[in-house]
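Got the structure open in your viewer? Let's take a walk through it, one selection at a time.

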Amino acid sequence: MKKLYLTGALALAALLLLSGLASAAVMGTKELDNEALVLKFYKEVAAGHYKVVDTATLKKWIDAKKPMLIVDTMPFEASYQKSHIPGAVQFEFPVGPMKGFDKAAQAKYAKLLGADKKALIVIYCGFPKCDRSHNGALWAKKLGYQNVYRYPGGIMAWMEKGYPTASK
């Protein structure tokens with residue numbers, strides 16, 4: 001009886017292993033892509049020293065009329081003009097790592113962010129893979145703003161949830 005139980009257990013383990021390998025083969029690329037995205041995001045947040053806010057929390061803040069500045073980092077004509085979170089202002093940042101940020105652009109960004117370095121600032125772009133919001137949050141922190149949040153879901157998560165948008 002013990003031998004039959006052991007053989008059955010080995011067969012079950014082999015079946016689970018094979019089904020797991022088959023699942024990994026089917027999902028492997030997507031999960032590796034997800035893992036890469038998560039690790040990239042983690043490294044950006046760690047390097048930027050800013051905080052992160054999710055869609056539901058941002059919506060609660062807006063509904064509660066919590067004082068904050070929301071910055072859309074997407075291009076004006078291609079994105080912001082068509083659809084943005086109500087009340088958001090626009091300041092375009094590039095995709096990819098920024099090597100620098102010239103003094104005139106820094107001054108313009110600081111003017112947009114305002115004089116209160118403790119103000120709540122939420123920065124977003126299109127979707128989690130977009131790193132414009134990282135660039136915006138990183139530079140807000142470098143300019144001395146202390147209460148900076150990155151909203152990684154961006155306008156796509158906002159719209160997916162069915163929340164209202166504005167256009168210019």
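Start with Lys65: with a relative accessibility of 69%, this residue counts as exposed, because the cut-off for that label is over 50%. Keep in mind as you click around that this is a predicted model. Lys65 sits in the loop that runs between helix 2 (55-63) and strand 2. Colour its backbone and check the torsions: phi is positive, about 55 degrees, although Lys65 is not a glycine.

**Another positive phi: His49**

Now select His49, in the loop between helix 1 (2-48) and strand 1. Its phi is near 60 degrees, again a positive value in a residue other than glycine. Buried or exposed, would you say, for His49? The answer is exposed, with a relative accessible area of 61%.

**Along to strand 1**

Move on to Lys51, which belongs to strand 1 (residues 51-52). Lys51 is partly exposed, at 36% relative accessible area. Which residues does Lys51 contact, leaving aside neighbours within four places in sequence? Show Gln146, Asn147, Val148, Tyr149 and Arg150 and you have them. Try a distance label from Lys51 to Asn147: the two are 96 residues apart in sequence, yet 7.8 Å apart in space, C-alpha to C-alpha.

**Inside: Asp72**

Next stop, Asp72 in strand 2. At 0% relative accessibility, Asp72 counts as buried. Show everything it touches beyond four places in sequence and you'll light up Tyr80, Ser83, His84, Ala88, Val89, Gln90, Phe91 and Tyr124. Then zoom in on the side chain of Asp72: one of its polar atoms lies 2.8 Å from the backbone nitrogen of Met74. For a longer hop along the chain, label Asp72 and Gly136, which are 64 residues apart, with their C-alpha atoms separated by 8.9 Å.

**Helix 4, end to end**

Select residues 103-113, which make up helix 4. Look at its start, where a side-chain oxygen of Asp102 reaches to within 3.1 Å of the backbone nitrogen of Ala104. Just past the other end comes Gly114, with a positive phi near 95 degrees.

Now colour helix 4 by burial. Ala105, Gln106, Tyr109 and Leu113 are its buried residues. Turn the view so that you look down the axis of helix 4: these buried residues fall within an arc of 100 degrees, so they line one face of the helix. Over on the other side, Lys103, Ala104, Lys108 and Lys111 are exposed. What do the buried residues of helix 4 pack against? Bring up strand 2 (69-72), strand 4 (120-124) and helix 5, and you'll see the partners.

**Where helix 4 meets helix 5**

Add residues 132-142, helix 5, to the view. The two helices pack at an angle of about 85 degrees, and their axes are 11 Å apart. Helix 4 and helix 5 are therefore roughly perpendicular to each other. On the helix 4 side, the contact is made by Gln106, Tyr109 and Leu113, while helix 5 supplies Gly136, Trp139 and Ala140. Sorted by class, that contact has 4 nonpolar and 2 polar residues, and no charged ones.

**Helix 5 itself**

Hide helix 4 for a moment and stay with helix 5. Of its 11 residues, 9 are buried, so helix 5 is largely enclosed by the rest of the structure. The buried ones are Arg132, Ser133, His134, Asn135, Gly136, Ala137, Leu138, Trp139 and Ala140.

Pick out Asn135, which lies in helix 5. Asn135 has 1% relative accessibility and counts as buried. Not counting residues up to four places away in sequence, Asn135 touches Phe93, Pro94, Gly96 and Met98. Then step beyond helix 5 to Gly144, which follows the helix and has a positive phi near 100 degrees.

**Last stop: Asp131**

Finish with Asp131, in the loop between strand 4 and helix 5. Why does Asp131 count as buried? Its relative accessible area is 8%, and buried means under 20%. Display its contacts beyond four places in sequence: Lys40, Glu44, Val95, Gly96, Cys125 and Arg150. Two of those names may ring a bell: Gly96 is also touched by Asn135, and Arg150 is also in contact with Lys51.

Notes
Residues numbered from 1 in each chain as written. Predicted model: local features only at pLDDT ≥ 70, side-chain atom pairs only at ≥ 80, totals over all residues. Heavy atoms only, no water. Axes fitted to C-alpha atoms, helices over the stretch in contact; angles between N-to-C directions. Helix = DSSP H or I, 4+ residues; strand = E, 2+ residues; numbered from the N terminus. Parallel < 35°, antiparallel > 145°, perpendicular 65-115°, else oblique. Contact = heavy atoms within 4.5 Å. Nonpolar A, V, L, I, M, F, W, Y, C, P; charged D, E, K, R; others polar. Buried < 20%, exposed > 50% of the residue type's maximum accessible area, 1.4 Å probe, protein only. Arc of directions from axis to C-beta. Polar contact = N/O pair within 3.5 Å; in protein donor to acceptor, adjacent residues only side chain to side chain.
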